[in-house]
Amino acid sequence: MQEITKNTLSLQESFTHFYDGLIAQLPGIGLGLLIIILGVLIGSWVGNFARTRISKRTNDPLMSKFLGKTIKIIALIIAIMLALRAAGLGGIATAILTAAGASAIIFGFAFKDIGENFIAGVILAFNRPFNVHDTVEIGENIGKVKTLEFRYTKLKTFDGKDVYIPNSDVLTKPVTNYTEDGFFRWSFVIGIAYEDNIEGAKKTVMEALRKQPNVIEDEEHVNFVIEDELATSTVNLKVFFWVDTFDFRRMALITKGNVVRAVKEALEDNGYYMPADIQEIKIYGGNKDVDLPIRLSNPPKDKIEDKKD
């Protein structure tokens, strides 16, 4: 009975001691919560201010957004450490920092990819081969750059897909930027008949190119036509021309379609024939008397006159 009474008194004393200690630490805990709240507010304000200033000075929304987020996170970590010390929990703050340093090595091996992507994101924030809304090709993905995060770069493909590419891949793989200087050279092949005049056809193609308002031609960006191949039934001409790629998804493709149509119509209007491939039929075996129907796409004039008579 005496032991139960002693245990009860000991429990009451422990609870009273804990309660008194909690009451004594309430001002410190309140101050810690206030520091965290102020840290979040100040960090958000400083981060947004830095993002706005950096964006205006550098005209680089990707880097400004990345640095703004980084400042917010750093401010939050500092606020939490100060709050723990203000609440009289400095030992916990020290333990957290010590554990973070020790676990960094352990988790570094376990989360190697995450660490690589984060470091790659920091590097890309200051030095990268693209800006927001640029059309880029990274590996097998092509689209417009939408955002740069700590771990990935987001692309919007032309068919509406959202592709998240790890920053380490962006940093190590070749990146093709179609809109860095705003120009891209298209090319296509068109065939004319062997009896047609090649120089005249090339001149006709160049005139058709100059009539297209969205085709660019200056001292640096020269459009031209070359003889590409002597094919089975045609002399193939290869047409090279420059377009504006700031709106690569729509305007560049539409311009190419307009050019192909205009070149075809110009050659036809000037009497150039673009024959289809010739098919050669070989018949093996003893039976050589085989009737094959033949239809002429352009029958001779005398045949047409005979039909009229």
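What share of the 309 residues in the protein chain is buried? The answer is 30%, and that applies to a predicted model.

## The chain overall

The protein chain folds into eight helices and nine strands. Look at its contacts with a separation of 6 or more, and 63% of them turn out to join residues 24 or more positions apart. As for the outside, the accessible surface comes to about 21100 Å², with 59% of that belonging to carbon and sulfur atoms.

## Helix H6

H6 covers residues 198–210, and its length checks out: at 1.5 Å a residue, its 13 residues should span 18 Å, and the end C-alpha atoms sit 19 Å apart, which agrees. At the start of the helix, Asn-197 brings a side-chain oxygen to within 3.3 Å of the backbone nitrogen of Glu-199.

Among the buried residues of H6 are Gly-200, Ala-201, Val-205, Met-206 and Leu-209. Lys-202 is on the buried list too, and this lysine is linked with Glu-199 and Glu-227 in a network of salt bridges. Arg-210, by contrast, is exposed at 53% relative accessible area. Its salt-bridge partner is Glu-217, with the closest N and O atoms 3.9 Å apart; Glu-217 itself is partly exposed at 38%.

## Other salt bridges

The structure holds six salt bridges. One of them pairs Lys-264 with Glu-268 at 2.9 Å, N to O. These two are four residues apart in helix H7 (residues 248–269), so about one helical turn separates them. Both ends are partly exposed, Lys-264 at 39% and Glu-268 at 40%.

Lys-156 and Asp-162 make another, their closest N and O atoms being 3.1 Å apart. Here Lys-156 is partly exposed at 27%, and Asp-162 is partly exposed at 38%.

Note on methods. Residues are numbered from 1 along each chain as its sequence is written. This is a predicted model: local features need pLDDT of at least 70, side-chain atom pairs count only at pLDDT 80 or more; totals for chains, interfaces and linings use all residues. Side-chain values use heavy atoms; hydrogens and water are left out. Buried means under 20% relative accessible area, exposed over 50%, partly exposed in between (1.4 Å probe, protein chains only). Contact means heavy atoms within 4.5 Å. Accessible areas come from the Shrake-Rupley method with a 1.4 Å probe; for residues, only the protein chains shown count as cover. The expected span of a helix is 1.5 Å times one less than its number of residues. A polar contact is a pair of N or O atoms within 3.5 Å; within protein, one must be able to donate a hydrogen and the other to accept it, and residues adjacent in sequence count only if both atoms are side-chain atoms. A salt bridge is a side-chain nitrogen of Lys or Arg within 4 Å of a carboxyl oxygen of Asp or Glu.
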